[in-house]
Amino acid sequence: MNAFFVTGTDTDAGKTYVSRALLQGLHQAGFRTIGAKPIAAGVDGTGQNPDALALQAASSVPLDYAAINPILLQAAVAPHLAAAIEQQPLDEEVLSQQLRALKQQADLVLVEGAGGWLLPLSASRYLADWVAEQQLPVLLVVGMKLGCLNHAMLTVREIERSGLRLLGWVANGVDPTMQLQQENIADLQQRIPAPCLGIVPHQPEGASSLLQQQLAGALLNALKL
């Protein structure tokens, strides 16, 4: 298995921030990496998605934007709602084709979700269903802020219910003013039956090289690579 899925406790948990740090750390460790954003909603002035661009830039295998983000929606709203307005179906076969192609080009493929774990694709399907069918191990990014305990444990339970392996989780300090942050992290360490792969402080300028290496090392250990 040379691919894994990154999900978050909610839209602003910091999936891309942590994913970029992981890709950079894995590159430093000598791995050929690709960060993929199969579904993205919202574009910048270039007409592309900022998160997908960040993953493209952090990947050590150079690829065109469309290879990183095959389904791009213009409106920064729930993808299935944007897809209905823009008349662009969220075709799971497109996601599967992308994954198969990328796995042939890299040692490790990081697949970043959109929003939280139960992102709707249609009236009856969720992105989590596709992840389960692909049997991708999951890394959870917990956005450390008030309410994160509930968000984290609900997500962990759903991942477990899907039968997928939870590789571990990363505590991402999205709210620098959060009270009792360390106590919340300690509480989650007791509750989540998977290791905490790293604690990321609030650093708007990006994770340090040392932190990138530490996160990558913890991930590789979880992947048993």
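Helices, as named here, are DSSP runs of at least four residues, numbered from the N terminus. Met153 lies in one of them, helix H7, which covers residues 148-161. The model is a predicted one, and every value below is computed from it.

Met153 is a useful place to start, as its contacts lie well away along the chain. Leaving out residues up to four places away in sequence, Met153 touches Leu188, Arg191 and Ile192. For the pair Met153 and Ile192, the separation is 39 residues in sequence and 7.3 Å between C-alpha atoms.

From here the text turns to helix H9, residues 209-223. This helix has 15 residues, and the distance from its first C-alpha to its last is 21 Å, close to the 21 Å expected at 1.5 Å a residue. Its buried residues are Leu211, Gln212, Leu215, Ala216, Leu219, Leu220, Ala222 and Leu223. They cover an arc of only 165° around the axis, and therefore sit on the same side of H9. An α-helix has 3.6 residues a turn, so residues three or four places apart point the same way. Leu210 and Asn221, on the other side of H9, are exposed.

What do the buried residues of H9 pack against? Their partners are strand E1 (3-8), helix H1 (15-28), strand E5 (108-116), strand E6 (138-143), strand E7 (166-172) and strand E8 (196-200).

The partner helix H1 can be described in more detail. Two packed helices are described by the angle between their axes and the distance between the axes. For H1 and H9 the angle is about 85° and the axes are 7 Å apart. Angles of 65 to 115 degrees count as roughly perpendicular, and H1 and H9 are therefore roughly perpendicular to each other. On the H1 side the contact involves Ala21, Leu22, Gln24, Gly25, Leu26 and Gln28, while H9 contributes Ser209, Gln212, Gln213, Leu215, Ala216, Leu219 and Leu220. Sorted by class, this contact of H1 with H9 holds 7 nonpolar residues, 6 polar residues and no charged residues.

H1 also packs against helix H2, residues 50-58, at an angle of about 10° and with the axes 9 Å apart. That angle makes H1 roughly parallel to H2. Thr16, Ser19, Arg20, Leu23 and Gln24 of H1 make this contact with Asp51, Ala54, Leu55 and Ala58 of H2. The classes here are 4 nonpolar, 3 polar and 2 charged. Gln24 of H1 is thus listed in the contact with H9 and in the contact with H2.

Helix H4 (79-86) can be read in the way used for H9. Its buried residues are Pro79, Ala82 and Ala83. Viewed down the axis of H4, they fall within an arc of 105°, so they line one face of the helix. Ala84 and Ile85, on the other side of H4, are exposed. The buried residues of H4 pack against strand E3 (39-41), strand E4 (71-73) and E5. Strand E5 is also listed among the partners of the buried residues of H9.

The ends of H4 and H9 can be taken together. Most residues other than glycine have a negative phi, and most peptide bonds are trans. Just after H4, Gln87 takes a positive phi of about 55°, although Gln87 is not a glycine. Gln87 belongs to the loop between H4 and helix H5 (92-103) and, at 72% relative accessibility, counts as exposed. Lys224, in the segment after H9, has a positive phi of about 60° and is not a glycine either. With a relative accessibility of 68%, Lys224 also counts as exposed.

Two loop residues give a contrast. Is Leu119, in the loop between E5 and H6, buried or exposed? Leu119 is buried, with a relative accessible area of 8%. Apart from neighbours within four places in sequence, Leu119 is in contact with Pro79, Ala114, Arg125, Tyr126 and Leu127. One of these, Pro79, is a buried residue of H4. Leu119 and Asp129 are 10 residues apart in sequence, with their C-alpha atoms 9.6 Å apart.

Leu136 is the other loop residue, placed between helix H6 (127-134) and E6. Its relative accessible area is 0%, and Leu136 is buried. The C-alpha atoms of Leu136 and Phe4 are separated by 5.1 Å, although their positions lie 132 residues apart along the chain as counted from one to the other.

Notes:
Residues numbered from 1 in each chain as written. Predicted model: local features only at pLDDT ≥ 70, side-chain atom pairs only at ≥ 80, totals over all residues. Heavy atoms only, no water. Expected span 1.5 Å × (residues − 1). Buried < 20%, exposed > 50% of the residue type's maximum accessible area, 1.4 Å probe, protein only. Arc of directions from axis to C-beta. Contact = heavy atoms within 4.5 Å. Axes fitted to C-alpha atoms, helices over the stretch in contact; angles between N-to-C directions. Parallel < 35°, antiparallel > 145°, perpendicular 65-115°, else oblique. Nonpolar A, V, L, I, M, F, W, Y, C, P; charged D, E, K, R; others polar.
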